[in-house]
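Colleague: Could you take a close look at one part of this model for me, the salt bridges? I'd like to know who pairs with whom and how exposed the partners are.

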Amino acid sequence: MYQLFQFLSSAVVGAMVYLIIVAFDYWKRLAWVFGHWDPNLGHETEEKLISQAHLMAFAAAVFWAIWAFDGPAAYRRSWQVEVGLAVGMLIAYVVLLTKASSRAAAKQR
């Protein structure tokens, strides 16, 4: 498999996994398919969404640190999958925080 494709597909999967973890109850209800889109992903306020995003980012960082100490898999000597997943989660984290904090700041004005 091409290394760039492997990295980019891992980044997309990492972003999706992060968003699923942060808003698991929201995705589970399927109201987002048939109802209206909730920008807070099922959380009551932007602050709760941000605190959940921080908590999941910390858990992911611990997971990545353990995985980094363990090293790449024995059958594959490259880090495209591991780094791609981490980059995807980091991008989703930054976008989620940026959007939620800008909405929270707009409400306070």
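Modeller: Here's a walk through the salt bridges, one pair at a time. Bear in mind that this is a predicted model, where local features need pLDDT of at least 70 and side-chain atom pairs count only at pLDDT 80 or more, while totals for chains, interfaces and linings use all residues. Residues are numbered from 1 along each chain as its sequence is written, and side-chain values use heavy atoms, with hydrogens and water left out.

The structure has three salt bridges (a side-chain nitrogen of Lys or Arg within 4 Å of a carboxyl oxygen of Asp or Glu). Let's start with glutamate 46, which pairs with arginine 103 at 3.6 Å between the closest N and O atoms. Glutamate 46 sits in helix H4 and arginine 103 in helix H5, so this bridge ties together parts 57 residues apart in sequence (helices are DSSP runs of H or I, at least four residues, numbered from the N terminus). Glutamate 46 is buried at 4% relative accessible area, whereas arginine 103 is partly exposed at 23% (buried is under 20%, exposed over 50%, partly exposed in between, with a 1.4 Å probe and protein chains only).

Glutamate 46 also meets lysine 107, N to O at 3.2 Å. That pair again links H4 to H5, here 61 residues apart, and lysine 107 is exposed at 59%. Through shared partners, Glu46, Arg103 and Lys107 form one network.

That leaves lysine 48 and glutamate 44, bridged at 3.1 Å, N to O. Lysine 48 is partly exposed at 42%, and glutamate 44 is exposed at 59%.

Notes
Helices (H or I, at least four residues) and strands (E, at least two) are DSSP runs, numbered from the N terminus.
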